[in-house]
Amino acid sequence: MATTLLVLNGPNLNMLGTREPAVYGKDTLADVEAQCRAAAQAHGLELEFAQTNHEGQMIDWIHQARGRVAGIVINPAAWTHTSVALHDALAAAEVPTIEVHISNVHKREAFRHHSYVSLVAIGVIAGLGTHGYTLAIEHFAKLLK
């Protein structure tokens, strides 16, 4: 069985640490990647980590994950609330997926309360800051044992 996890990050997450730190915290995307790599390594898992501001690129990565990775951890960012295409790609990939949000989207604007991704995810972690990524990796490690 595959022991690789794919961690995907959507639009504007390249601005972590400088964009709205009161909402998203001061950790940079490089900090998040380091946290994810440490968590994966602690459980003997391989990790691929990527970020894009281009929806088509995200969909291509999800398609390429099919049959190749054990799980996807995805922070789809704004695409959470808008992208039927992302939903369809995740459904087609047939890879267990955990949706992660740094902020608690349910305490924010009403348009953020709906997720197309949640419909195809095995779980959702929101509002725990960047620690949510580590929790998702730990959950996959438990599932893969």
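What share of the contacts in the protein chain with a separation of 6 or more comes from residues 24 or more positions apart? The answer is 76%, with a contact meaning heavy atoms within 4.5 Å. A quick word on the source: this is a predicted model, where local features need pLDDT of at least 70 and side-chain atom pairs count only at pLDDT 80 or more, while totals for chains, interfaces and linings use all residues. Residues are numbered from 1 along each chain as its sequence is written, and side-chain values use heavy atoms, leaving out hydrogens and water.

**View 1. The whole chain, with its 5 helices and 5 strands.** Helices (H or I, at least four residues) and strands (E, at least two) are DSSP runs, numbered from the N terminus. Going along the sequence, you meet them as β-α-α-β-α-β-α-β-β-α. The C-alpha trace spans about 40 × 30 × 25 Å along its principal axes. As for burial, 46% of the 145 residues count as buried, meaning under 20% relative accessible area with a 1.4 Å probe, protein chains only.

**View 2. The outside of the chain and its charges.** About 7100 Å² is exposed, and carbon and sulfur atoms supply 53% of that; the area comes from the Shrake-Rupley method with a 1.4 Å probe. There are 10 positive and 13 negative side chains, and the centres of the two sets lie 6 Å apart. Here Lys and Arg count as positive and Asp and Glu as negative, with His and the chain ends not counted. Each charge is placed at NZ of Lys, CZ of Arg, CG of Asp or CD of Glu.

**View 3. Strand E3 and its neighbours.** E3 takes in residues 71-75, and 5 of its 5 residues are buried. Look at one side and you find Gly71, Val73 and Asn75; on the other sit Ile72 and Ile74, and both faces are covered. In a regular strand the side chains alternate between the two faces of the sheet. E3 runs parallel to E1, joined by 5 bridges, and Leu6 has Ile72 as its bridge partner. E3 also runs parallel to E4 (residues 97-101), this time with 3 bridges, and Val73 stands opposite Ile98 there. Strands pair if DSSP finds at least two bridges between them.

**View 4. A close look at Asn9.** Asn9 belongs to strand E1, residues 4-9. Asn9 counts as buried because its relative accessibility is 0%. Leaving aside residues up to four places away in sequence, Asn9 touches several others, among them Leu29, Phe49, Met58, Asn75 and Tyr133.

How values were computed
Buried means under 20% relative accessible area, exposed over 50%, partly exposed in between (1.4 Å probe, protein chains only).
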